[in-house]
Each structure stands twice: as C-alpha cells, then as structure tokens.
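Thanks, everyone. I have one structure to walk through today. Have a look at the screen first.

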Amino acid sequence: MSTMSPTLASAPSSCCFTGVKHTGTPVGRVEDLGGIPTYISDPPSPTHKVIFFLADVWGPLFVNNQLIQDYFASCGYIVLGPDYFFGDSITSYSSAHDRQAWVHNSRRPAIDALPAWLDAVKEKYGRENTKYCAVGYCFGASFVMDLISDRSVVAGALAHPAFLDESHFEKLDGPLLLSCAEEDHTFPLASRRRAEDIMVARKCTYHFQVFSGVNMDLLYDVM
C-alpha cells in the first residue's frame with residue numbers, strides 16, 4: 001500500500017495573490033515553444049547558458065516577472081518563461097474569484113504541458129555545451145525540483161516555494177538555492193528545517209537564504 005509523502009510547502013495561499021505592480025518596459029518577446037507561449041529575454045551577447053523561469057500565480061507575462069527575466073538576461077543568460085497558464089493567470093480574475101479552485105484547475109494542465117515544452121527548448125537551444133538552470137517562484141517551485149531530480153538542469157533556485165513534499169528533497173540530484181522569508185505560512189520554519197535535515201542526510205549541495213524580519217509579501221521585492 002502506497003503512502004503519500006508528507007507536505008513541506010503547501011499550495012499557494014492568500015499571501016500569494018497580493019503584491020505591488022512594478023513599472024518598467026519589458027524588452028523580451030513571446031514565442032510559442034512546444035505549444036506554450038513563452039517569454040524570451042536575450043542576453044547582450046551570445047551564450048549557451050539558459051535559465052528556465054517558472055513563474056508564480058501571476059505568470060511570466062506579468063510585468064513584474066518580465067522585468068525580473070530581463071534582469072537575469074542582462075546578466076548573461078537566455079531566459080525562458082513558459083506561460084503554463086495559457087493566458088489564464090490569476091491576473092485575469094478579481095479578488096472575489098475562487099482562487100483555490102483556480103490553483104487546483106491550473107496545476108494539471110501545467111504539469112501535462114511542460115514535457116513537450118522542454119523538448120522544444122532542447123531542440124531550439126540545445127548544443128553540446130548548453131547548460132540549463134531553473135528558478136521557480138511559488139507555483140513553479142515543484143517543477144524546478146523535478147527538473148533537478150531528472151538532471152534536466154544543472155542547478156535550481158526557489159523563492160517562497162509551494163507544492164513541495166519530502167520526496168522532492170529525497171530525490172534531489174543537483175545544487176539548490178532556497179530564498180525564504182523568515183515568516184512564511186506556505187513554507188514555515190518547521191518545513192525548512194525538515195527539508196534541510198533531508199538534504200544534510202543525503203549530502204546534497206544546497207544553500208538557504210533566509211531574510212530576517214521579512215514575510216512572504218516582501219520577499220520578491222527583496223530579491
């Protein structure tokens with residue numbers, strides 16, 4: 001009889017649906033990759049280093065996230081942000097909408113769509129010396145863990161992760177950075193410490209970055 005792995009980071013909660021809209025002019029473009037509209041931001045000069053930007057509930061086409069992707073690109077990376085919400089991110093709805101139902105209904109299509117997207121990315125960008133990394137925010141965190149576990153990327157990073165259980169850390173097979181708020185109801189202290197215990201026992205390569213006096217609402221601004 002199978003048993004479910006204990007949850008460490010829960011589904012996105014109310015704090016994930018609030019924030020401040022930033023101002024700026026995105027410089028990337030949107031192209032279809034493997035059936036998913038994808039925000040693509042190019043670096044100043046050619047490179048074989050690629051970052052997968054796996055977005056929070058706001059999606060990669062929200063201006064805040066576009067600006068983050070553009071910044072990563074300015075540091076010398078090709079940045080790819082798949083819109084696994086297919087234009088139906090939480091920005092499409094008012095605060096009166098049933099957000100938890102939206103999260104539930106959005107997750108399976110995203111999971112199902114990403115393998116074809118990854119194949120298309122490798123076909124377009126894959127070279128002998130291409131290196132892929134992934135960063136996941138909130139909704140996108142579990143996808144990063146899966147990509148590290150199957151060695152599709154050489155390293156990953158998470159901020160305010162959601163949808164994580166112990167098995168994600170038990171299968172981890174590459175370097176991981178976790179940027180965390182000191183106060184986070186989705187990924188609380190006990191969960192952070194349990195995740196670290198698992199990684200210590202497995203001798204994983206990891207780094208925790210915890211912002212003191214910060215709650216999740218401010219974490220993205222800090223980053």
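One definition before we start: buried means under 20% relative accessible area, exposed means over 50%, and partly exposed is in between. Keep that cut-off in mind for Glu 166. Its relative accessible area is 12%, so Glu 166 counts as buried. And a reminder: this is a predicted model.

Let me stay with Glu 166. It sits in helix H4, residues 166-170. What does Glu 166 touch, leaving out residues up to four places away in sequence? The list is Ser 5, Pro 6, Leu 8, Arg 194 and Ile 198. Ala 9 belongs in this picture too. Glu 166 and Ala 9 are 157 residues apart along the chain. Their C-alpha atoms are separated by 9.2 Å.

Now the whole chain. How many helices and strands does the protein chain have? There are 6 helices and 10 strands. The radius of gyration is 17 Å, and the globule rule gives 17 Å for 223 residues, so the chain is as compact as a globular protein of that length. Along the principal axes, the C-alpha atoms fill a box of roughly 45 × 40 × 40 Å. Buried residues make up 49% of the 223. On contacts, take those with a separation of 6 or more. Residues 24 or more positions apart account for 69% of them.

Next, a helix pair. H2 covers residues 99-125, and H3 covers residues 141-149. They pack at an angle of about 40 degrees. Their axes are 12 Å apart. The two helices are therefore oblique to each other. The crossing of H2 past H3 is right-handed. Which residues make the contact? From H2, we have Arg 107, Ala 110, Ile 111, Leu 114 and Leu 118. From H3, we have Ser 142, Phe 143 and Leu 147. By type, that contact divides into 6 nonpolar residues, 1 polar and 1 charged.

Still on H3, look at Asp 146, which has its place in that helix. Is Asp 146 buried, exposed or partly exposed? At 35% relative accessibility, Asp 146 counts as partly exposed. Compare its position with Glu 182. The two are 36 residues apart in sequence. In space they are 25 Å apart, C-alpha to C-alpha.

On to the strands. Leu 176 lies in strand S9, residues 176-183. At 3% relative accessibility, Leu 176 is buried. Its contacts, again not counting residues up to four places away, come from several parts of the sequence list. Among them are Met 145 and Ile 148. Gly 156, Ala 157 and Leu 158 are on the list too. So are Phe 169 and Met 199. Thr 205, Tyr 206 and His 207 complete it. Phe 208 is 32 residues from Leu 176 along the chain, with 8.6 Å between the C-alpha atoms.

Tyr 39 is in another strand, S3, residues 36-41. Tyr 39 is buried, with a relative accessible area of 1%. Val 79 is 40 residues away from Tyr 39 along the chain. The C-alpha atoms of that pair are separated by 7.8 Å.

Last topic: backbone torsions. Most residues other than glycine have a negative phi. Two residues here are worth a look.

The first is His 160. It has a positive phi of about 45 degrees, although it is not a glycine. Where is His 160? It lies in the loop between strand S7, 155-159, and strand S8, 164-165. His 160 is buried, with a relative accessible area of 0%.

The other is Lys 203. Its phi is also positive, at about 60 degrees, and Lys 203 is not a glycine either. This one lies in the loop between helix H5, 189-202, and strand S10, 206-215. Buried or exposed? Lys 203 counts as exposed, at 76% relative accessibility.

So we have two loop residues with positive phi. His 160 is buried, whereas Lys 203 is exposed.

That is the tour. Over to you.

How values were computed
Residues are numbered from 1 along each chain as its sequence is written. This is a predicted model: local features need pLDDT of at least 70, side-chain atom pairs count only at pLDDT 80 or more; totals for chains, interfaces and linings use all residues. Side-chain values use heavy atoms; hydrogens and water are left out. Axes are lines fitted to C-alpha atoms, for helices over the stretch in contact, and angles run from 0 to 180 degrees between N-to-C directions. Helices (H or I, at least four residues) and strands (E, at least two) are DSSP runs, numbered from the N terminus. Angles under 35 degrees count as roughly parallel, over 145 as roughly antiparallel, 65 to 115 as roughly perpendicular and the rest as oblique. A crossing is left-handed if the near helix is turned anticlockwise from the far one by less than a right angle, and right-handed if clockwise. Contact means heavy atoms within 4.5 Å. Ala, Val, Leu, Ile, Met, Phe, Trp, Tyr, Cys and Pro count as nonpolar, Asp, Glu, Lys and Arg as charged, and the others, Gly among them, as polar. The radius of gyration is taken over C-alpha atoms; the globule rule is 2.2 Å times the number of residues to the power 0.38. Buried means under 20% relative accessible area, exposed over 50%, partly exposed in between (1.4 Å probe, protein chains only).
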